[in-house]
Amino acid sequence: MVEFELPYPPSVNHYWRRVGARTLISRGGRAFRHEVCAILAARGVRPLAGPLEMSIVVHPPDRRRRDIDNVQKALLDALQHGGAYDDDSQIIRLAIEKGEPLDGGKTLVQINEVSE
């Protein structure tokens, strides 16, 4: 089992940027990904193998109304990019919970390898 405390992810509405015919990760999305990769690299994270289950608790930075499912894409992609696992298709069970708002926001992630 591995646990991470990460920044609050950008919503899917702010993760992508459309430039002409191309869809790119926004500046905020790249900054989030970079920060997650730095945290995982500092911890010396190695990719988990096989099927995984993940529990996520997101603490928004304020009390604005937010859809909890809008933060998953940026978070799962950043964890994959940072080397927590090889591909987010390895995740077979995902639980996400919205916690109380915290100044600046944060995300708590727990990943477990699942025996086959």
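**Close-up 1. Lining of the largest pocket in the predicted model.** Tyr8, Pro9, Ser11, Asn13 and His14 line the largest pocket, together with Pro61, Arg64, Arg65, Arg66, Asp67, Asn70 and Val71. The model is predicted. The volume of this pocket is about 250 Å³. By class, the pocket lining splits into four nonpolar, four polar and four charged residues. Arg64, Arg65, Arg66 and Asp67 are the charged members. Ser11, Asn13, His14 and Asn70 are polar. Tyr8, Pro9, Pro61 and Val71 are nonpolar.

**Close-up 2. The largest cavity and its lining.** One cavity of 30 Å³ or more is found in the structure. The largest cavity holds about 40 Å³ of space. Its lining consists of Tyr8, Val58, Pro60, Arg66, Asp67, Ile68, Val71 and Lys98. Five of these residues are nonpolar, none is polar and three are charged. Arg66, Asp67 and Lys98 are the charged ones. Tyr8, Arg66, Asp67 and Val71 appear in the linings of both the largest pocket and the largest cavity.

**Close-up 3. Packing of helix α2 against helix α3.** Helix α2 covers residues 27–42, and helix α3 covers residues 72–81. Their axes lie 9 Å apart, at an angle of about 45 degrees. The two helices are therefore oblique to each other. Their crossing is right-handed. From α2, the contact uses Phe32, Arg33, Val36, Cys37 and Leu40. From α3, it uses Ala74, Leu75, Asp77, Ala78, Leu79 and His81. Eight residues in this contact are nonpolar, one is polar and two are charged. The charged pair is Arg33 of α2 and Asp77 of α3. His81 of α3 is the polar residue.

Conventions:
Residues are numbered from 1 along each chain as its sequence is written. This is a predicted model: local features need pLDDT of at least 70, side-chain atom pairs count only at pLDDT 80 or more; totals for chains, interfaces and linings use all residues. Side-chain values use heavy atoms; hydrogens and water are left out. On a 1 Å grid over the protein atoms alone, a cavity is a set of points where a 1.4 Å probe fits but cannot get out, and a pocket is an open set with protein on both sides within 12 Å along at least five of seven lines; lining residues have an atom within 4 Å of a point. Grid points are joined across faces, edges and corners, and a volume is the space filled by probe spheres set on the points. Axes are lines fitted to C-alpha atoms, for helices over the stretch in contact, and angles run from 0 to 180 degrees between N-to-C directions. Helices (H or I, at least four residues) and strands (E, at least two) are DSSP runs, numbered from the N terminus. Angles under 35 degrees count as roughly parallel, over 145 as roughly antiparallel, 65 to 115 as roughly perpendicular and the rest as oblique. A crossing is left-handed if the near helix is turned anticlockwise from the far one by less than a right angle, and right-handed if clockwise. Contact means heavy atoms within 4.5 Å.
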